[in-house]
Amino acid sequence: MPQQPPTPRIPTAGAVDLSALKARANRPAPAPPGAPTPPRRATGSGSALGVTDQHRGAAPAEGGSGSPFVIEVTEASFEADVIGLSMQVPVLIDFWADWCEPCKQLSPVLEKLADEYDGRFVLAKIDVEANQRLAALIQVQALPTVLAVVGQQPMPLFQGALPEAQVREVIEQVLDFAVTQGISGRVAPDIEAEEADGPTAQLRHPQALEALARNDLDGAQAAYAEALNRQPGDPEAEQGLARVALLRRVYVADPATVRRAAAERPADVAVQCLAADLDTVGGSVEEAFRRLIDTVRITSGADRDAAREHLLQLFLIAGPDDPRVAAARRALASALF
């Protein structure tokens, strides 16, 4: 059995068990006395997340942003719009209430970042007043509370209104962790459905993402390769292939052995590249970049080229919009010239 990669530094203390919610999710929860009426779910072919037929009907977040990446979730829709969707993209849950002043500070930050990350995660907003039983099952004790669900794994993240920079850092760790679980999907606006029924989204390369959710690396590689055959230069398919290759490398690596060898042999390019892979799946992306830039500095010829090419593959995995990539590119240029 392949060895699983290490997990990033995401707080998991107090992780909740979502199994009870899966059993109840298909039964609409009666609204508590005096609670606001939950928004009516859309009907027809439109949806807030048109990723699969299972997700049709999710409503855009109340109040909202109108973003295809922000949805309102109730107990009735929780299984499809959170648990099910988390097998394809990370889902961040924002527990809020209309009377909560810190919620009014945090929610716009989360919605802004959901748009900025352009479908790399979905923000699910849950009004605790309208969904008191759901909040009780998840043991929400303060507002706002934010947790993530990745591959059906719940991960408590933080409580209270944090500055945007700290929220962004948490999101980066969640996305890094999702890659280690083979979950690197993205939702994208479905223009035709949006014109007909309002904001919608669909997953790109769904066959590859489904294969990754099953830990079928061969299937994911074949699906991404086929996508590149159909559309040469597809950046997401290229990124997907790079992520599959990364997962293959770390699955066969023994972290303790690799890190010991990396410490002993700083000029060993193969060892440093594998250590950088482990840094990446462990959430230490900047450390991975620094490691390979240092390797470029102290090597030459074919070894230097190999370290540089491996670093470029890690840049591809992180994505061109990641600010850490821009900084590392400048450092790489300095190391080369």
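**Internal space, nonpolar cores and backbone features**

The lining of the largest pocket has 13 nonpolar, 6 polar and 11 charged residues. The model in which this pocket was found is a predicted one. The pocket holds about 510 Å³ of space. Its lining consists of 30 residues, and those closest to the pocket centre are Arg120, Arg186, Gln239, Ala318 and Gly319. Two or more lining residues are supplied by each of H5, helix H9 (235–251) and H13.

Enclosed space was examined as well. A search of the whole structure gave 2 cavities of 30 Å³ or more. About 110 Å³ of space is present in the largest cavity. A total of 14 residues line the largest cavity, and Asp176, Thr280, Val285, Ile317 and Ala318 are the ones nearest its centre. Helix H5 (164–180), helix H12 (285–298) and helix H13 (301–318) each give two or more residues to this lining. H5 provides the largest share, with 4 residues. Sorted by class, the lining of the largest cavity has 7 nonpolar, 1 polar and 6 charged residues.

Some elements recur in the two descriptions. H5 and H13 are among the elements that give two or more residues to the lining of the largest pocket, and H5 and H13 are also listed for the largest cavity. H9 is named for the pocket, while H12 is named for the cavity. At the level of single residues, Ala318 is one of the residues closest to the centre of the largest pocket, and Ala318 is likewise one of those nearest the centre of the largest cavity.

The protein chain as a whole was then considered. Its secondary structure comprises 14 helices and 8 strands. Of the 337 residues in the chain, 52% are buried. Among contacts between residues at least 6 apart in sequence, 68% join residues at least 24 apart. The largest nonpolar core has 49 residues, and within this core Phe78, Ile93 and Phe121 touch the most other members. Another core, of 45 residues, lies apart from the largest one and includes Leu247, Ala276, Ala288 and Ala318. Ala318 is thus a member of this second core as well as a lining residue of the largest cavity.

The structure contains 1 disulfide. The link joins Cys100 and Cys103, whose sulfur atoms are 2.4 Å apart. The Cys100–Cys103 link is right-handed, with 85° about the S-S bond. Cys100 and Cys103 are both buried. Another cysteine, Cys273, has a relative accessible area of 8% and is therefore buried, given the limit of under 20%.

Arg308 belongs to helix H13, one of the elements that contribute to the lining of the largest cavity. The relative accessibility of Arg308 is 25%, so this residue counts as partly exposed. Neighbours within four places in sequence being set aside, Arg308 is in contact with Val296, Leu332 and Leu336. Val269 is 39 residues from Arg308 along the chain, and the C-alpha atoms of Arg308 and Val269 are separated by 9.9 Å.

Several backbone features fall in loops. The peptide bond from Leu143 to Pro144 is cis, with omega near -10°. Pro144 is placed in the loop between helix H4 (132–137) and strand E5 (145–150). Positive phi values occur at residues other than glycine. One of them is Asp118, with a phi of about 55°. Asp118 is situated in the loop between helix H3 (101–116) and strand E4 (122–127). With a relative accessibility of 32%, Asp118 counts as partly exposed. Gln152 also has a positive phi, of about 70°, and is not a glycine. The loop between E5 and strand E6 (153–159) contains Gln152, and E5 also borders the loop that holds Pro144. Gln152 has a relative accessibility of 35% and therefore counts as partly exposed.

Notes: Residues numbered from 1 in each chain as written. Predicted model: local features only at pLDDT ≥ 70, side-chain atom pairs only at ≥ 80, totals over all residues. Heavy atoms only, no water. Disulfide = S-S within 2.5 Å. Buried < 20%, exposed > 50% of the residue type's maximum accessible area, 1.4 Å probe, protein only. 1 Å grid on protein atoms, 1.4 Å probe; cavity = no way out; pocket = protein on both sides within 12 Å on 5 of 7 lines; lining within 4 Å. Points joined across faces, edges and corners; volume = space filled by probe spheres on them. Nonpolar A, V, L, I, M, F, W, Y, C, P; charged D, E, K, R; others polar. Contact = heavy atoms within 4.5 Å. Core = buried A, V, L, I, M, F, W, Y, C linked by side-chain atoms within 4.5 Å.
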